[in-house]
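Welcome to this short tour. Open the viewer, get comfortable with rotating the view, and follow along one stop at a time.

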Amino acid sequence: RLAPYGATCNSLSPGGVSTALNAPVMEDPELWQQIMSVTPLKKWATAEEIAGMAAVMVSGMGRTCVGTTIYMTGGRERLPTTTFTTECPARNSKKRLPFRCVA
């Protein structure tokens, strides 16, 4: 609907991203195995990969992409929703907080 006005209205949808914030998930062998078992590419994107795709999207190179969602999920968007639950340590605390990763 907005294409005639020059608006492309695209979106970038990353899945899991390998960052320090996600370290508790990536360092939990059982949880990581569960996640990778439903991730066809067997990896999460890096922040640099997400930034690179965002740069391409805003660069104008994809001017003919209209209303497109680019999924950077390692192929997981094509699978049924799966919920993984674990605990991860709270920052600067001995308490453990519940963590839920919805894939």
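A salt bridge is a side-chain nitrogen of Lys or Arg within 4 Å of a carboxyl oxygen of Asp or Glu. This is a predicted model, and it holds one salt bridge.

**Stop 1: the salt bridge**

Select K43 and E49. Which atoms of K43 and E49 are closest? They are an N and an O atom, 3.0 Å apart. Side chains of opposite charge can pair when their charged atoms come close. Now switch on the surface: K43 is partly exposed, with a relative accessible area of 33%, and E49 is partly exposed as well, at 34%.

**Stop 2: helix 2 and its two sides**

Next, select residues 29-37, which form helix 2. Begin at its start, where a side-chain oxygen of D28 reaches to within 3.1 Å of the backbone nitrogen of E30.

Which residues of helix 2 are buried? Colour L31, I35 and M36 to see them. These residues lie on the same side of helix 2, because they cover an arc of only 130° around the axis. An α-helix has 3.6 residues a turn, so residues three or four places apart point the same way. Turn to the other side of helix 2, and you will find P29, E30 and Q33 exposed.

**Stop 3: the nonpolar core**

Keep L31, I35 and M36 selected and add V25 and W44: these five residues make up the largest nonpolar core. Helix 2 gives the most to this core, with three residues. In soluble globular proteins, nonpolar side chains tend to be buried together.

**Stop 4: strand 1 and a distant partner**

Now move to S11, found in strand 1 (residues 11-14). Is S11 buried or partly exposed? With a relative accessible area of 28%, S11 is partly exposed.

Add T68 to the selection. S11 and T68 are 57 residues apart along the chain, yet their C-alpha atoms are separated by 6.3 Å. Beyond its neighbours within four places in sequence, S11 is in contact with M57, T68, T69 and I70. Zoom in on T69 in particular, whose side chain is joined to that of S11 by a polar contact of 2.9 Å.

**Stop 5: helix 3**

Finish with helix 3, residues 47-58. Try a distance check between its end C-alpha atoms: they are 17 Å apart, which agrees with the 16 Å that its 12 residues should span at 1.5 Å a residue. Helix 3 is followed by G60, where phi is positive, near 95°.

Methods. Residues numbered from 1 in each chain as written. Predicted model: local features only at pLDDT ≥ 70, side-chain atom pairs only at ≥ 80, totals over all residues. Heavy atoms only, no water. Buried < 20%, exposed > 50% of the residue type's maximum accessible area, 1.4 Å probe, protein only. Helix = DSSP H or I, 4+ residues; strand = E, 2+ residues; numbered from the N terminus. Arc of directions from axis to C-beta. Polar contact = N/O pair within 3.5 Å; in protein donor to acceptor, adjacent residues only side chain to side chain. Core = buried A, V, L, I, M, F, W, Y, C linked by side-chain atoms within 4.5 Å. Contact = heavy atoms within 4.5 Å. Expected span 1.5 Å × (residues − 1).
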